Amino acid sequence: MEALAAELGALTAERAAAPVSAVEEKWRLLPAFLKVKGLVKQHIDSFNYFINVEIKKIMKANEKVTSDADPMWYLKYLNIYVGTPDVEESFNVTRPVSPHECRLRDMTYSAPITVDIEYTRGSQRIIRNALPIGRMPIMLRSSNCVLTGKTPAEFAKLNECPLDPGGYFIVKGVEKVILIQEQLSKNRIIVEADRKGTVGASVTSSTHEKKSRTNMVVKQGRFYLRHNTLSEDIPIAIIFKVIQLLV
């Protein structure tokens, strides 16, 4: 400890900002990283963002349903919620369920999805709240899981291990994990060089309604635009000219 304190005392700002080059030094950072981040924090954070934020944005992008047969009729989604895990014992009679019970009874650890809707019936406008439309598997230790915020004693009552990090699902009594995928950043221009050293740029434009990809390539010293909706590449100068006319 004294040697470590002496080393930290002599640590300067330049030395602290310098990159870690030695493999041995990088391995020394691993325990601190696991203590702060853990192995499944990215899984839980991603799932929490989906059920609390992203699912509402998806609903907002497709909130209104109309009919060609009756132009006056419509159905509009006002809000959407993901509840806490439960099990239906009889008709319209539910109770909370634990992950351990789902493992023993070969059930899916899932929660109901409910929506608030507004629709027309003749000349009337009707609003219905908490209408169930389906169920969603719930990730263990996520914000909607019954294990969140529990003490070790409460974990023991639920027949769960307090050291279990969570980050997985229980589907028909079987524990399942979603593998991580590495993808390029969306709505951000990526500039890179190919094997021949030619520099190009690409961007994946993504909304909750549609997704498209745009590339800028170089052919014979000229810049061309390549898009998934175009049958052939177009010179970039023509695109700039069209944008100027539209503006």
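In this predicted model, His43 is buried, with a relative accessible area of 14%, and this residue has its place in helix H4. When residues up to four places away in sequence are not counted, His43 touches Met139, Gly167, Ile178 and Ile180. Since buried is the term for a relative accessible area under 20%, His43 falls in that class because its own value is 14%.

Helix H4, which spans residues 41-61, also takes part in the largest pocket, giving the most to its lining with 7 residues. The volume of this pocket is about 590 Å³, and among the 15 residues that line it, those closest to the centre are Gln42, Ser46, Phe47, Phe50 and Ile178. Ile178 is also one of the residues touched by His43. By residue class, the lining of the largest pocket consists of 8 nonpolar, 5 polar and 2 charged residues.

Enclosed space was examined as well, and the structure holds 1 cavity of 30 Å³ or more. The volume of the largest cavity is about 30 Å³, and its lining is made up of Leu140, Arg141, Leu147, Phe155, Glu160, Cys161, Asp164 and Gly166. These lining residues divide into 4 nonpolar, 1 polar and 3 charged.

According to the UniProt record, an unreviewed entry, residues 38-184 are covered by the annotation "domain: RNA polymerase beta subunit protrusion". Over residues 38-184 the chain is 22% helix and 36% strand, and a distance of 24 Å separates the end C-alpha atoms.

A second buried residue, Asp86, has a relative accessible area of 17% and lies in strand E3. Strand E3, residues 86-90, runs antiparallel to strand E4, residues 93-96, and the two are joined by 4 bridges. The bridge partner of Asp86 in E4 is Pro96, and this proline also appears among the contacts of Asp86, which comprise Thr94, Arg95, Pro96, Val97, Ser110, Pro112 and Arg135 once residues up to four places away in sequence are left out. E3 and E4 form a hairpin with 2 residues between them, and in the turn Asn92 has a positive phi of about 60 degrees.

Further along the chain, an open sheet of 5 strands shows antiparallel pairing in the order E9-E10-E11-E12-E13. Its edge strands are E9 (190-193) and E13 (234-235), each of which pairs on one side only. Within this sheet, strand E10 (residues 199-206) and strand E11 (residues 211-219) pair in the antiparallel sense over 6 bridges, with Ala201 having Met216 in E11 as its bridge partner. The connection from E10 to E11 is a hairpin that passes through 4 residues.

On the other side of the order, E11 and E12 run antiparallel and are joined by 6 bridges, and Val218 stands opposite Phe223 in E12. The hairpin of E11 and E12 has 2 residues between the strands, and here Gln220 takes a positive phi near 55 degrees. Strand E12, residues 222-227, then pairs with E13 in the antiparallel sense over 2 bridges, where Leu225 stands opposite Ile234 in E13.

Notes:
Residues numbered from 1 in each chain as written. Predicted model: local features only at pLDDT ≥ 70, side-chain atom pairs only at ≥ 80, totals over all residues. Heavy atoms only, no water. Pairing = 2+ DSSP bridges. 1 Å grid on protein atoms, 1.4 Å probe; cavity = no way out; pocket = protein on both sides within 12 Å on 5 of 7 lines; lining within 4 Å. Points joined across faces, edges and corners; volume = space filled by probe spheres on them. Nonpolar A, V, L, I, M, F, W, Y, C, P; charged D, E, K, R; others polar. Buried < 20%, exposed > 50% of the residue type's maximum accessible area, 1.4 Å probe, protein only. Contact = heavy atoms within 4.5 Å. UniProt positions renumbered as here; feature names shortened; annotations may be inferred.
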